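The following exercises concern strand order, pairing and burial. Each task is followed by a solution in steps.

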Amino acid sequence: MAAPFFSTPFQPFVYQSPQDVVTPFQILGGEAQIVQIMLKPQEKIIAKPGSMCYMSGSIQMENVVATENEAGVWQWLFGKNTTSIVLHNTGTTDGFVGIAAPSLARILPIDLAKFGGEILCQPDAFLCSINDVKVSNTIDQRPHNLVATAEGFLRQKISGQGLAFVVGGGSVVQKNLEVGETLAVDVPSIVAVSSTVNVQIKYNGPMRRVVFGNDNLVTAVLTGPGIVFIQSMPFHRLSQRIASLLWIITGEGSLLDVFVKTGSINVANLASG
């Protein structure tokens with residue numbers, strides 16, 4: 001069998017569960033990462049649907065209904081996944097599975113036992129997990145841009161004593177807050193916070209501007225103790241940038257025109273080359 005953990009220069013990590021079960025894993029790549037997890041016979045992991053990138057021959061994949069999902073029917077009605085995939089090593093030798101981030105994102109391993117058994121995340125932050133991990137989602141029925149409490153944007157709760165992998169867009173920064181220490185963060189830039197962090201919402205303009213949407217109008221004031229993970233490229237900003245370029249393409253000519261107008265191609269250099 002192939003030994004993928006030693007075929008690259010990257011140093012593998014080792015996760016040791018509270019039951020002293022050791023699971024090696026490795027995070028590969030730069031901005032669009034893959035987590036590669038070794039599974040002993042009869043071991044399994046839970047992952048987000050569509051995240052499996054590759055797996056060894058002894059791994060069996062099954063779609064299951066996430067019965068612990070508190071959003072339930074509401075999530076299904078709004079077009080969200082209410083299932084998970086189980087990747088189970090049914091063979092007699094070690095196997096491996098590669099789980100990919102869904103966009104230009106970094107993968108963060110979170111040992112829940114070191115976070116007091118719970119962490120609060122942005123929607124869809126969860127990627128996959130090892131051992132005892134429960135993922136609960138809630139549906140916020142308020143206007144899209146109106147955030148009144150932490151529950152308005154940290155709508156995914158990951159709990160248990162296992163290892164969870166979450167994704168953050170672009171580059172990710174970890175801040176460790178001491179008791180009473182405060183940090184102001186743009187709301188979409190928050191990936192996850194530990195449950196000990198106090199979160200207060202601050203509006204940076206008139207409510208009418210907040211409701212109709214704009215960047216940097218809603219700030220989260222975080223007070224320690226605890227840990228916060230911050231992303232440089234929230235997915236909605238990336239999608240908005242792509243959408244604006246598509247509008248330029250369909251409304252103002254060819255793809256070459258777009259590159260020239262946005263400065264991606266220098267016409268003078270192109271002519272001289």
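**Exercise 1.** In this predicted model, determine which strand holds Thr219 and whether Thr219 is buried or exposed.

*Solution.* Step 1: locate the residue; Thr219 belongs to strand E19, which covers residues 218-223. Step 2: take its relative accessibility, which is 14%. Step 3: apply the cut-off, by which buried means under 20% relative accessible area. Thr219 is therefore classed as buried. Step 4: consider a position remote in sequence; Val185 lies 34 residues away along the chain, yet the C-alpha atoms of Thr219 and Val185 are 5.6 Å apart.

**Exercise 2.** State where Ser129 is placed, and with which residues Ser129 is in contact, leaving aside its neighbours within four places in sequence.

*Solution.* Step 1: Ser129 is part of strand E11, residues 126-130. Step 2: its relative accessible area is 2%, so Ser129 counts as buried. Step 3: once neighbours within four places in sequence are set aside, the contacts of Ser129 are Ile45, Ile46, Leu163 and Ala164.

**Exercise 3.** Give the strand order of the open sheet of 5 strands, and identify its edge strands.

*Solution.* Step 1: the order reads E1-E2-E3-E8-E5, and the pairing is antiparallel. Step 2: strand E1 (13-16) and strand E5 (52-55) are the edges, since each pairs on one side only. Step 3: from one strand to the next, the twist averages 25°. Step 4: examine one pair within the order; strand E2 (residues 22-28) and strand E3 (residues 34-39) are joined over 4 bridges in the antiparallel sense. Opposite Leu28 stands Ile34 in E3.

Note on methods:
Residues are numbered from 1 along each chain as its sequence is written. This is a predicted model: local features need pLDDT of at least 70, side-chain atom pairs count only at pLDDT 80 or more; totals for chains, interfaces and linings use all residues. Side-chain values use heavy atoms; hydrogens and water are left out. Two strands pair if DSSP finds at least two bridges between them. Helices (H or I, at least four residues) and strands (E, at least two) are DSSP runs, numbered from the N terminus. Axes are lines fitted to C-alpha atoms, for helices over the stretch in contact, and angles run from 0 to 180 degrees between N-to-C directions. Buried means under 20% relative accessible area, exposed over 50%, partly exposed in between (1.4 Å probe, protein chains only). Contact means heavy atoms within 4.5 Å.
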